[in-house]
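User: I'm new to this structure and would love a close look at one part of it. Could you pick a strand, walk me through its surroundings, and then show me how that part fits into the rest?

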Amino acid sequence: MFTRREFVAAGLAGGGAVGSGIALAEGLTGQGARASDRPADVVLKPQQINHPVLSGITTKGMMSYAPAGPAPVLRMKQGAVFTADLINGLDEATTIHWHGLRIPNAVDGVPFLTQPYVYKDERFRYAFTPPDAGTFWYHPHCNTLEQMGRGLTGLLIVEEPEDPGFDQDLALNLRDFRLGDDGQFIRQFKPRLAARGGTLGTVMTANWRVEPRYEVSSGGLLRLRLAATDVTRVYRISVIEEDTQATADVRVIALDANPVPAAFPLEVYPIGAGQRMDLAIRLPREEGKILRIETQSGAGPRLLATLIARGPDLGRSFAELKPLPPNPVQEPDLANATTLPFTFSWSAEKSGVESICGTLGYTFWAINRVPWPGDVPNPGGPLAELKLGQSYIFRLINETPNSHPIHLHGMSFKLLRSNKRKLMPLVSDTALLLPNEHMEVALVADNPGDWVFHCHVIEHQKSGLTGYVRVI
Ligand code: C2O
Ligand code: CU
Ligand code: CU
């Protein structure tokens, strides 16, 4: 772990923690110059901006990785080195975590665990090679309810080496903002709700817009990437033809960046905070036809965005698409796997838990009865130690009547079974546990380091539902 003093040294040296990534970059390019002297592929500068989320009203104090509008969609190639410079333009510390990417621990972006804080005007270089293709996202791992709540969430696309053959590729960053009637931010959470399902936003957006409309090619094939970057909301997506109210011609092709083994109806897997879903949509052949992308909420369907068909009928069909190749995730050895139970429950403790960078001042939740780091013999120690290369079954036990999207950094797992539903063998980084669901997932502990394991409902994470596993 980094101490404040170590951080100063690392900060002056330009971020010692990314050393392994830089070495890799140099190896691949064969250049003599230090990799950190070369410009990064992207510069991400978190900063406060003003932006009209609601038409005609400027919301002050939003946060973005760009000087205007939402964070950029980052694109990179599977197996190719990518570098990003974080230059902190905020008045508080931050870091960047690359959600779902199986990359070295030193570039995972978790303060204290994997790197020092990056303070105002400081630079930190992230360099890594994404091993998997698909739809991912990036966000801070510092004061996250505030920083993410104000807008610091961006999409990250890792392209397959071979183009699957879509006519268009559209990425939607789905999230809410908590704004009052005057369009200004209100408190990010209510303690009463943080102790339950979490506090929902007041304004639903896609790419920071309310019900945006996108023009798409009539009769074409669209790859629609949906990312639930909200701090709380579970999305239950449907795609509906506006005039007939019939379900559109849609196939789920990937969940959490990994191709699905077989087609399934959209509603089977809701996506919780942190999750992504890639859809193939055969667009209406007739110009002017509209598709509605909706989510089911307690109050009925809510519109997220619409697609309107434009131009001559391209006459495409699903059969023309190349299937997405599976990502190179190791198959767990179930016969020799060790089972580790993780119980998610309400907490009996009263005082505020100190979670990694930024506490909410409350403790509502616990993993294995301990609101981390809490009152344990080794405060701040790992929830479990995993042996490098060994297979493990994580038994995820949700003892609460709320849903929890449980996310593991640095490694992907395979869904095995549930006490509530039949699961497909999906590969994922985030398991959405339904109320009182017990789920088993399996993985090969193939990435050394300390990996955060937490609920992605940020209020839950910040009030007890977080910890980490150590792979050595
Ligand atoms: Cu989206 Cu700790 O992660
Ligand atoms: Cu993550
Ligand atoms: Cu939760």
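Analyst: Happy to help; what follows is a walk around strand 24, in a model that is predicted.

Let's start with the strand itself. Strand 24 covers residues 404–408 and is mostly covered, with 5 of its 5 residues buried. Which residues face which way? His404, Ile406 and Leu408 lie on one side, Pro405 and His407 on the other, and all of them are buried, so both faces of the strand are covered.

Now for the neighbours on either side. Strand 24 belongs to an open sheet of 5 strands, ordered 22-30-29-24-27, with mixed pairing. The edges of this sheet are strand 22 (384–386) and strand 27 (430–433), each of which pairs on one side only. From one strand to the next, the twist averages 20°. As general background, the strands of a sheet pair through backbone hydrogen bonds, and they can do this in a parallel or an antiparallel way.

With strand 27, strand 24 pairs in the antiparallel sense over 4 bridges. You can find one place to look at His404, which stands opposite Leu433 in strand 27. Strand 24 is also joined to strand 29 by 3 bridges, and these two run antiparallel. Here Ile406 has Cys455 of strand 29 as its bridge partner. Going one step further along the sheet, strand 29 (residues 449–455) is joined to strand 30 (residues 466–471) by 6 bridges, again with the two running antiparallel. Gly449 stands opposite Val471 in strand 30.

Next, have a look at His407, one of the residues of strand 24 that we met above. What does His407 coordinate? Its NE2 atom and the NE2 atom of His97 coordinate the copper ion (ligand 2), at 1.9 Å. Because His97 lies in strand 6 (residues 97–99) while His407 lies in strand 24, the pair ties together parts that are 310 residues apart in sequence. Are these two histidines buried or exposed? Both His97 and His407 are buried.

The other face of strand 24 leads us to Leu408, which is buried on the side shared with His404 and Ile406. Leu408 is among the contacts of Phe394 once neighbours within four places in sequence are left aside. The contacts of Phe394 also include Leu340, Phe342, Leu386, Met439, Val441, Leu443, Phe453 and Val469. Phe394 is in turn one of the residues with the most contacts inside the largest nonpolar core, which has 72 residues; Leu172, Leu307, Phe342 and Leu386 are the others named. Strand 13 gives the most to this core, with 4 residues. A second, separate core of 26 residues includes Tyr65, Met76, Leu156 and Val158. In soluble globular proteins, nonpolar side chains tend to be buried together.

Finally, let's turn to charged pairs, to see how other parts of the chain are linked. The whole structure has 30 salt bridges. Lys414 and Glu331 meet through their side chains in one of them, at 2.6 Å from N to O. Lys414 lies in strand 25 (residues 413–418) and Glu331 in the loop between strand 19 and strand 20, so this pair ties together parts that are 83 residues apart in sequence. Glu331 counts as exposed because its relative accessibility is 55%, whereas Lys414, at 19%, counts as buried.

A further pair is Arg316 and Asp167, whose side chains meet at 2.7 Å, N to O. This one links distant parts of the chain, 149 residues apart: Arg316 is in the loop between strand 19 (300–310) and strand 20 (338–346), and Asp167 is in the loop between strand 9 (154–159) and strand 10 (168–177). Arg316 counts as buried at 14% relative accessibility, while Asp167 is partly exposed with a relative accessible area of 32%.

Asp278 and Arg223 form a salt bridge too, at 2.9 Å from N to O. Since Asp278 lies in strand 17 (residues 276–282) and Arg223 in strand 13 (residues 221–228), the pair ties together parts 55 residues apart in sequence. Both Asp278 and Arg223 are buried.

Terms used:
Residues numbered from 1 in each chain as written. Chains lettered and ligands numbered in written order. Predicted model: local features only at pLDDT ≥ 70, side-chain atom pairs only at ≥ 80, totals over all residues. Heavy atoms only, no water. Pairing = 2+ DSSP bridges. Axes fitted to C-alpha atoms, helices over the stretch in contact; angles between N-to-C directions. Buried < 20%, exposed > 50% of the residue type's maximum accessible area, 1.4 Å probe, protein only. Donors = N, O, S within 2.8 Å, 3.2 Å for Na, K, Ca; no water. Salt bridge = Lys/Arg side-chain N within 4 Å of Asp/Glu carboxyl O. Core = buried A, V, L, I, M, F, W, Y, C linked by side-chain atoms within 4.5 Å. Contact = heavy atoms within 4.5 Å.
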